[in-house]
Amino acid sequence: MKSKDEGLGLGESGQALAFGAITLFMLVCFVAFVFNVAQASARKSELQTAADEGAYAGAVALSGIVSEIGWLNDAQAHLYYHAMRKSVDVVVWGTLAELSEHPCPDLLVGIPGATGSYDRAHDDAAQWFPRFDLWSRRMSQMKWALAAAGPSLVRREIFRALHDT
């Protein structure tokens, strides 16, 4: 016959206590694991946000540099346009002046004052071309300087963005 203590599980000599302790330990480990995973996810999210901000700051700095080089290219294009225009004026007025001085019998070309216009165009071009050369060289130097300084400027902006976060 079974005793009264055996029916209540008192005869199992502490197995329930050991099972409860193991269960409690596993529950604490699981909670600690979940907390650790949450911290790691939060840290990863912070790092990703910082990396995104750094990449964005670098891209903005680089786009500014490229934009400035583009403006310099536009300015140089205008310089080349005006230089070509001055050259064409000299050639056209020189040709017309030559035709006015030595008319060709087959051509009915005669522009009075073409020689004076040629002289003015030539003097204007002679004054303008040294400035064109100087401005063009300076713009090229500025573009090269921007291109050379670009990586360090981008790096500085990335560090500034990361420092601010």
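In this predicted model, helix α2, which spans residues 15-101, packs against helix α3, residues 114-164. The two axes lie 9 Å apart and meet at an angle of about 170 degrees. Since angles over 145 degrees count as roughly antiparallel, α2 and α3 are therefore roughly antiparallel to each other. The residues of the contact between α2 and α3 comprise 33 nonpolar, 14 polar and eight charged.

Four salt bridges are found in a search of the whole structure. One of them joins K86 and D124, with the closest N and O atoms 2.5 Å apart. This pair links distant parts of the chain, as K86 belongs to helix α2 and D124 to helix α3, 38 residues apart. D124 is partly exposed, at a relative accessibility of 31%.

Two further salt bridges are each formed within a single helix. In helix α2, the side chains of R43 and E46 meet at an N to O distance of 3.4 Å. These residues are three positions apart, about one turn of the helix. R43 has a relative accessible area of 47% and is partly exposed; E46 is likewise partly exposed, with a value of 47%.

In helix α3, a salt bridge connects the side chains of D133 and R137, with 3.0 Å from N to O. D133 and R137 are separated by four residues, about one turn of the helix. R137 counts as partly exposed at 45% relative accessibility, and D133 is partly exposed with a relative accessible area of 38%.

Definitions and conventions: Residues numbered from 1 in each chain as written. Predicted model: local features only at pLDDT ≥ 70, side-chain atom pairs only at ≥ 80, totals over all residues. Heavy atoms only, no water. Axes fitted to C-alpha atoms, helices over the stretch in contact; angles between N-to-C directions. Helix = DSSP H or I, 4+ residues; strand = E, 2+ residues; numbered from the N terminus. Parallel < 35°, antiparallel > 145°, perpendicular 65-115°, else oblique. Nonpolar A, V, L, I, M, F, W, Y, C, P; charged D, E, K, R; others polar. Buried < 20%, exposed > 50% of the residue type's maximum accessible area, 1.4 Å probe, protein only.
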